[in-house]
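User: I am new to reading protein models, and I would like some practice. Please take me through one, feature by feature.

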Amino acid sequence: MNKGVYLALLSIGLAQGVKIPIHYVKKKEWRPDLFFGTGGMPSSHSAGVSTLTTYIALQRGLPTFDFALSLVYGLIVMYDAQGVRRQTGELTLKVNTMNDLIEKIHKEESMEFKQEAPKKLKEVLGHQPEEVVGGAVLGVLVGVIGHLFTKKDRKLSKFKLRF
């Protein structure tokens, strides 16, 4: 596996981990389960693709096919994270609200109606634009730092080969 993949996975893990203290500061609620959840600040999708794209740009250069492919893929992922997935989350909120209303109506009826209660759908699926930007900033930072460490590794390996 190459260092770009390692850095992207590290960035995704960092983004997921940072969600816990950010949520705590905002809501005063400790939720370690957010590490495995979707949505929230920062977007781990954006962080991962931004790290990979930044690392490729710094290692291989902007006019390469690798960079172009990573950039286009990353933009699609970030657009999807804040567009389609966020809309799905908003629709889910409405469906869950409708289920609550139906339950309330059934409780007020005089006849008995037995039905298994539907499971609530997960409401936080996508990201707000600022969450995507936050993930992208984190990703660029991890990509730059990863590139700088890789440059040091290259210099050290060249030095070792001489002696």
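User: Let me begin with a single residue: in which helix does Leu-75 lie?

Analyst: Helices (H or I, at least four residues) and strands (E, at least two) are DSSP runs, numbered from the N terminus. Here, Leu-75 belongs to helix H3, which covers residues 65–82. Two notes before we go on. This is a predicted model, where local features need pLDDT of at least 70 and side-chain atom pairs count only at pLDDT 80 or more, while totals for chains, interfaces and linings use all residues. Residues are numbered from 1 along each chain as its sequence is written, and side-chain values use heavy atoms, with hydrogens and water left out.

User: How many helices and strands are there in the chain?

Analyst: The chain has five helices and zero strands. Following the sequence, you would write the pattern as α-α-α-α-α.

User: How do I read burial, and what does Leu-75 count as?

Analyst: Look at the relative accessible area: buried means under 20%, exposed over 50%, and partly exposed in between (1.4 Å probe, protein chains only). Leu-75 has 48% relative accessibility, so it counts as partly exposed. Leu-69 is also placed in helix H3, and its 51% relative accessibility makes it exposed. For the whole chain, 35% of the 163 residues are buried.

User: Which residue in helix H5 would show me the buried class?

Analyst: Try Val-142, which is found in helix H5. It is buried because its relative accessible area is 9%. Its C-alpha atom is 7.0 Å from that of Leu-7, although the two residues are 135 apart along the chain.

User: What about Leu-75 and Val-49: how many residues apart are they in sequence, and how far apart in space?

Analyst: Leu-75 and Val-49 are 26 residues apart in sequence, with 8.3 Å between their C-alpha atoms. You can make the same kind of check with Leu-69 and Thr-53: they are 16 residues apart along the chain, and their C-alpha atoms are separated by 8.7 Å.

User: How do I describe two helices that pass each other, such as H1 and H2?

Analyst: Begin with the axes, which are lines fitted to C-alpha atoms, for helices over the stretch in contact; angles run from 0 to 180 degrees between N-to-C directions. The axes of H1 (residues 3–27) and H2 (residues 44–60) come within 8 Å and cross at roughly 150°. Angles under 35 degrees count as roughly parallel, over 145 as roughly antiparallel, 65 to 115 as roughly perpendicular and the rest as oblique. H1 and H2 are therefore roughly antiparallel. For H2 and H3, the axes come within 9 Å and cross at roughly 165°. That makes H2 roughly antiparallel to H3.

User: Are those crossings left-handed or right-handed?

Analyst: A crossing is left-handed if the near helix is turned anticlockwise from the far one by less than a right angle, and right-handed if clockwise. H1 and H2 make a right-handed crossing, whereas H2 passes H3 in a left-handed one.

User: What lies in the loop between H1 and H2?

Analyst: One of the residues there is Lys-28. Lys-28 is not a glycine, yet it has a positive phi of about 55°. At 63% relative accessibility, Lys-28 counts as exposed.

User: How many salt bridges does the structure hold?

Analyst: A salt bridge is a side-chain nitrogen of Lys or Arg within 4 Å of a carboxyl oxygen of Asp or Glu. The structure holds two. Arg-31 pairs with Asp-33, their closest N and O atoms being 2.9 Å apart. Arg-31 is partly exposed at 26%, and Asp-33 is partly exposed at 43%. Arg-60 pairs with Asp-66, with the closest N and O atoms 2.8 Å apart. Arg-60 is exposed at 53%, while Asp-66 is partly exposed at 29%.

User: Which residues make the nonpolar surface patch?

Analyst: Patches are made of residues with over 30% relative accessible area and no salt bridge: like charges are joined within 9 Å, nonpolar side chains (Val, Leu, Ile, Met, Phe, Trp, Tyr) within 5 Å. Areas come from the Shrake-Rupley method with a 1.4 Å probe, and for residues only the protein chains shown count as cover. Val-133, Val-137, Leu-141, Ile-145 and Phe-149 make a nonpolar patch of about 480 Å². Phe-149 lies in helix H5, residues 129–162, and is exposed, with a relative accessible area of 51%.
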